[in-house]
Amino acid sequence: TNASEQGAAAAHNLLAELRGEPRQPFVSVPFFWSDQFDSRIQFVGRAHGDDEVHVFAGSTDGAFAALYGYQGRLRGVLGVSMPRMVMPFRALLAANATWAEALAKAVALTAG
């Protein structure tokens, strides 16, 4: 993900430079995934040992999704066998979303 986005940002900045427009710094939201046996593990953002963790879907006994935050800000989202619960938070992470915004998004995703 990072490699393709970095290439697109470089091309955008090259064209902006040629047009005399300001360049935009490349800002990335880290993401990884791994398939482990019957589980897909995904993480978007960055986690730290002192983060608040809130499981908002499922149970840690099986498939689940959890938010990671610190000092009122969303820092990451982990999903185990819940792929549709992780990527919707990527834009919030890029926008430096508040913990309240992340919790509201979690409620919206699990409603229904």
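Start by selecting Arg90: in this predicted model the residue is buried, with a relative accessible area of 16%. Buried here means under 20%, so Arg90 falls on that side of the cut-off. Now add Glu5 to the selection. The two side chains meet in a salt bridge, 2.7 Å from N to O. Color the helices and you'll see that the pair links distant parts of the chain: Arg90 belongs to helix H2 and Glu5 to helix H1, 85 residues apart. How exposed is Glu5? Glu5 is partly exposed, at 27% relative accessible area.

Stay on helix H1, which covers residues 2-19, and slide along to Leu14. Leu14 is exposed, with a relative accessible area of 53%. Show Leu15 and Leu18 as well, and you have a nonpolar patch on the surface: together the three leucines have about 330 Å² of accessible area.

Back to charges. By the rule used here, the model has six salt bridges. Next stop: Arg75 and Asp51, whose side chains meet in a salt bridge at 2.6 Å, N to O. Arg75 sits in strand S5, while Asp51 is in the loop between strand S2 (39-45) and strand S3 (52-58), so this pair ties together parts that are 24 residues apart in sequence. Which partner is buried and which is partly exposed? Asp51 is the buried one, at 10% relative accessibility, whereas Arg75 is partly exposed at 22%. Add Asp50 to the view too: Asp50, Asp51 and Arg75 are linked in a network of salt bridges.

For another pair, pick Asp35 and Arg40. Their salt bridge puts the closest N and O atoms 2.8 Å apart. Asp35 counts as partly exposed at 43% relative accessibility, and Arg40 is also partly exposed, at 32%.

Keep Arg75 selected for the last stop, since this residue also helps line the largest pocket. To see the whole lining, select Val27, Ser28, Val29, Pro30, Gly45, Arg46, Leu74, Arg75, Leu93, Ala94 and Asn96. Two elements give two or more residues to that lining: strand S5 (73-80) and helix H2 (90-94). Color the lining by class and you'll get six nonpolar, three polar and two charged residues. How much space lies in the largest pocket? About 180 Å³.

Terms used: Residues numbered from 1 in each chain as written. Predicted model: local features only at pLDDT ≥ 70, side-chain atom pairs only at ≥ 80, totals over all residues. Heavy atoms only, no water. Patch = residues over 30% accessible without salt bridge, like charges linked within 9 Å, V, L, I, M, F, W, Y side chains within 5 Å. Areas by Shrake-Rupley, 256 points an atom, 1.4 Å probe, with all protein chains shown as cover. Salt bridge = Lys/Arg side-chain N within 4 Å of Asp/Glu carboxyl O. Helix = DSSP H or I, 4+ residues; strand = E, 2+ residues; numbered from the N terminus. Buried < 20%, exposed > 50% of the residue type's maximum accessible area, 1.4 Å probe, protein only. 1 Å grid on protein atoms, 1.4 Å probe; cavity = no way out; pocket = protein on both sides within 12 Å on 5 of 7 lines; lining within 4 Å. Points joined across faces, edges and corners; volume = space filled by probe spheres on them. Nonpolar A, V, L, I, M, F, W, Y, C, P; charged D, E, K, R; others polar.
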